[in-house]
Amino acid sequence: MKGNYKPNIFHSPLYVKVSEYLFHSSKATVFTRIAAGIIEKIEEFPHINIEVLALYCTTTPSSITKFCKIIGYDSFSELRNNITHYNNSKTYLTLSDEREIINDIYKYLPIEKCEQMAKLMVNENKILIITNDFTFNIANIFRETLSSVTRTVYLANRQNDELIHSLYGIVDCVVILTFNGDWMKKKRWCSLIPDNTSLFLISTRIPSIIAGQTDIWVPINGYPDLMTSNYHSHKFMESVAYIIVKKFIEIT
């Protein structure tokens, strides 16, 4: 292990993205080989160059560039520099007392916005929830709670452009769950949300591509430990969903 080894790099956005890509891969390809190579070489980032990585992964620089775009980076330079850990005063994943973490989370929940969203959702009859694998379980909480004889709820992966486009003609409300929404500028469906469709967003910010369209934005950027780990970010988003659902049940 190298003398300049920094444990925070193993909690970086790059490490998380590559690990998730490898986990969800159904077969071995040149891209899974690249993902594994990045994990093995992570200590050399951001100083590793594309030729060295390509040689290590027994592939070509052009394949490395394609992989960068597959996992959401515009270039290899952007990928290799995405290793900054979101630091804060707490030790990473201190789970000695989960109740303490939950109690801390509840101090930062946007209760008023959650209640506003719950009140508006009561009047929606057909709802499309757009999410990804990481927040699927959270979105499913909404689906189970909101679905009824008089209300239909659809779940769609944000990557499924064709399905989302087809559902636009059916639903009267779209709910998007995302942490930062950086991916939204690359998705054509984000700019095609019908004007007469309600748009609810749960995110750290409002991406420019949907600026002015959002009926309710539930901000999750007030929690200082949000990006400390997948555990903390998922737990906070889950708590936000729980509050919205709780308010929804109280109203109905």
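1. A good place to start is the open sheet, whose 5 strands follow the order E2-E1-E3-E4-E5 with parallel pairing. Strands here are DSSP runs of E with at least two residues, numbered from the N terminus, and two of them pair if DSSP finds at least two bridges between them. At the edges lie strand E2 (152-157) and strand E5 (216-219), each pairing on one side only. On average, neighbouring strands of this sheet are turned by 15 degrees against each other, direction ignored.

2. Before going on, please note that this is a predicted model: local features need pLDDT of at least 70, side-chain atom pairs count only at pLDDT 80 or more, and totals for chains, interfaces and linings use all residues. Residues are numbered from 1 along each chain as its sequence is written, and side-chain values use heavy atoms, with hydrogens and water left out.

3. Now look at strand E3 (residues 173-177) and strand E4 (residues 198-203), which run parallel and are joined by 5 bridges. Within this pair, Leu177 of E3 stands opposite Ile202 in E4.

4. Helix H9 (residues 161-168) packs on the sheet, where it touches strand E1 (126-131), E2 and E3; contact means heavy atoms within 4.5 Å. The direction of H9 makes about 155 degrees with that of E2.

5. Finally, the cysteines: a disulfide is a pair of cysteine sulfur atoms within 2.5 Å, and the count comes to 0. For Cys68, the nearest cysteine sulfur is that of Cys57, 11 Å away. Cys68 is buried, with a relative accessible area of 0%, where buried means under 20% (1.4 Å probe, protein chains only). Cys173 is in no disulfide either, the nearest cysteine sulfur being that of Cys114 at 15 Å, and Cys173 is buried with a relative accessible area of 0%.

Conventions
Buried < 20%, exposed > 50% of the residue type's maximum accessible area, 1.4 Å probe, protein only. Helix = DSSP H or I, 4+ residues; strand = E, 2+ residues; numbered from the N terminus. Axes fitted to C-alpha atoms, helices over the stretch in contact; angles between N-to-C directions.
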